[in-house]
Every structure is written in C-alpha cells, then in structure tokens.
Amino acid sequence: MATTTAGERREQSKRDYDAFLAGCPTRELLSTLTDKWAALVIAALADGPQRHGELARRIAGVSQKMLTQTLRTLERDGLLTRTVTASVPVRVDYELTPLGNDLFPVMLAIKTWAEANMDRVFEARTHFDARP
C-alpha cells in the first residue's frame with residue numbers, strides 16, 4: 001500500500017466532493033441544476049441550437065431577464081455555448097455542450113417524472129392540506 005504525504009492528502013480531499021458538507025462547491029451547482037428555468041432550458045436545447053427568442057417562446061412564463069441570467073449561468077458552468085454570428089442583425093445561438101448533453105438524460109427523467117406524477121402529487125397535497 002502506497003503512503004501519501006499530507007500535501008497529497010489535502011489535494012485528494014479537494015477532489016473528493018461531498019454535497020452534504022456545507023463548504024462543498026457542488027451545492028452551488030446543485031442549486032443551479034434544480035432551478036426550474038435551467039431544467040427547461042436544458043430540455044429545450046436538446047432539440048438543437050436555438051436563439052434567445054426561440055427559447056423564450058418555447059418556455060412559457062420565463063421573463064427575458066430570467067432567461068438571460070439562466071443562459072449566462074449555464075454557459076459559465078460549461079453546460080451550453082453561446083455563438084455570435086456577425087450579420088445584420090447579429091445572430092446569437094445557444095447550444096448544449098458535451099457536458100450539457102451528458103446532463104440532459106437526467107434532466108429529462110426528472111421532467112418526465114414530474115409530468116407523469118403530477119396527479120399523485122396533487123392528491124398528496126390535498127390529503128396533507130386536509131389534515132387538522
């Protein structure tokens with residue numbers, strides 16, 4: 001069994017993420033990924049590159065500001081790319097990266113589960129709210 005130095009152990013601990021720990025950076029990522037707008041943007045972009053206006057029409061109820069913030073956050077996290085094409089007017093397209101495509105099946109499963117189980121959730125809420 002190989003021995004490790006204290007410095008190597010510190011470096012290894014930086015690579016071992018545990019979302020249950022308060023200081024773990026995965027908590028910030030989980031916060032982003034569990035946002036409804038992020039989930040819907042990722043699901044919408046699975047169909048291929050789209051412009052801001054196309055996404056806004058596809059995702060009913062999202063404000064321009066919230067969509068822009070969500071797109072910037074997902075771009076910063078490496079889940080989508082923003083491509084600017086010089087034309088009149090300028091064209092900006094958003095597309096999932098390989099990392100975003102890896103995430104898509106998970107987000108699709110959650111979206112599909114929510115759609116399939118909403119009646120059961122409503123029933124549970126009704127039962128809960130009726131309790132004394």
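This passage walks through the fold, the core and the salt bridges of a predicted model.

Some ground rules come first. Because the model is predicted, local features are reported only at pLDDT of at least 70 and side-chain atom pairs only at pLDDT 80 or more, while totals for chains, interfaces and linings use all residues. Residues are numbered from 1 along each chain as its sequence is written, and side-chain values use heavy atoms, with hydrogens and water left out.

The protein has six helices and three strands; these are DSSP runs numbered from the N terminus, helices being H or I over at least four residues and strands E over at least two. Reading from the N terminus, the order is α-α-α-β-α-α-β-β-α. The radius of gyration, taken over C-alpha atoms, comes to 20 Å, well over the 14 Å that the globule rule gives for 132 residues, so the protein is more spread out than a compact globule. That rule is 2.2 Å times the number of residues to the power 0.38. The C-alpha trace spans about 60 × 55 × 25 Å along its principal axes. Buried residues account for 23% of the 132, where buried means under 20% relative accessible area, exposed means over 50%, and partly exposed is in between (1.4 Å probe, protein chains only). About 9,800 Å² of the protein is exposed, 58% of it supplied by carbon and sulfur atoms; the areas come from the Shrake-Rupley method with a 1.4 Å probe, and for residues only the protein chains shown count as cover. As for contacts (heavy atoms within 4.5 Å), 44% of those between residues at least 6 apart in sequence join residues at least 24 apart.

On to the sheet. The three strands form an open, antiparallel sheet in the order β1-β3-β2, pairing here requiring at least two DSSP bridges between two strands. The edge strands, β1 (50-51) and β2 (80-85), each pair on one side only. Between β1 and β3 there are two bridges, in the antiparallel sense, and Gln50 has Tyr94 as its bridge partner in β3. Six bridges join β2 to β3 (residues 91-96), again antiparallel, with Thr85 partnered by Arg91. A five-residue hairpin connection takes β2 into β3. Pro89 sits in the loop between these two strands, and the peptide bond leading into Pro89 from Val88 is cis, with omega near -5°. For background, most peptide bonds are trans.

Just past the sheet, Thr97 lies in the loop between β3 and α6. Thr97 is buried, at 11% relative accessible area. Neighbours within four places aside, Thr97 contacts Gly78, Leu79, Leu80 and Thr81.

What about the core? A nonpolar core is a set of buried Ala, Val, Leu, Ile, Met, Phe, Trp, Tyr and Cys residues joined through side-chain atoms within 4.5 Å. The largest one has 20 residues, and Val41, Leu45, Leu55, Leu71, Leu74, Leu80 and Tyr94 touch the most other members. Elements giving two or more residues are α3 (36-45), α5 (64-76), β3 and α6 (98-129). Helix α3 provides the largest share, six residues. Leu55 touches Ala44, Leu45, Gln50, Leu67, Leu71 and Tyr94, residues up to four places away not counted. Not every nonpolar side chain joins in: Ile110, in helix α6, is exposed at 54% relative accessible area.

Finally, the charged pairs. The structure holds four salt bridges, each a side-chain nitrogen of Lys or Arg within 4 Å of a carboxyl oxygen of Asp or Glu. In one of them, Glu28 meets Arg76 at 3.8 Å, N to O. This pair links distant parts of the chain, with Glu28 in helix α2 (residues 26-33) and Arg76 in helix α5, 48 residues apart. Both ends are on show: Glu28 is exposed at 55% and Arg76 is exposed at 68%. Another salt bridge joins Arg58 to Asp47 at 2.8 Å, N to O. Here Arg58 belongs to helix α4 (residues 52-58) and Asp47 to the loop between α3 and β1, 11 residues apart. Arg58 is partly exposed at 47%, whereas Asp47 is exposed at 59%. The side chains of Asp93 and Arg91 also meet in a salt bridge, at 2.8 Å, N to O. In that pair Asp93 is buried, at 14% relative accessibility, while Arg91 is partly exposed at 33%.
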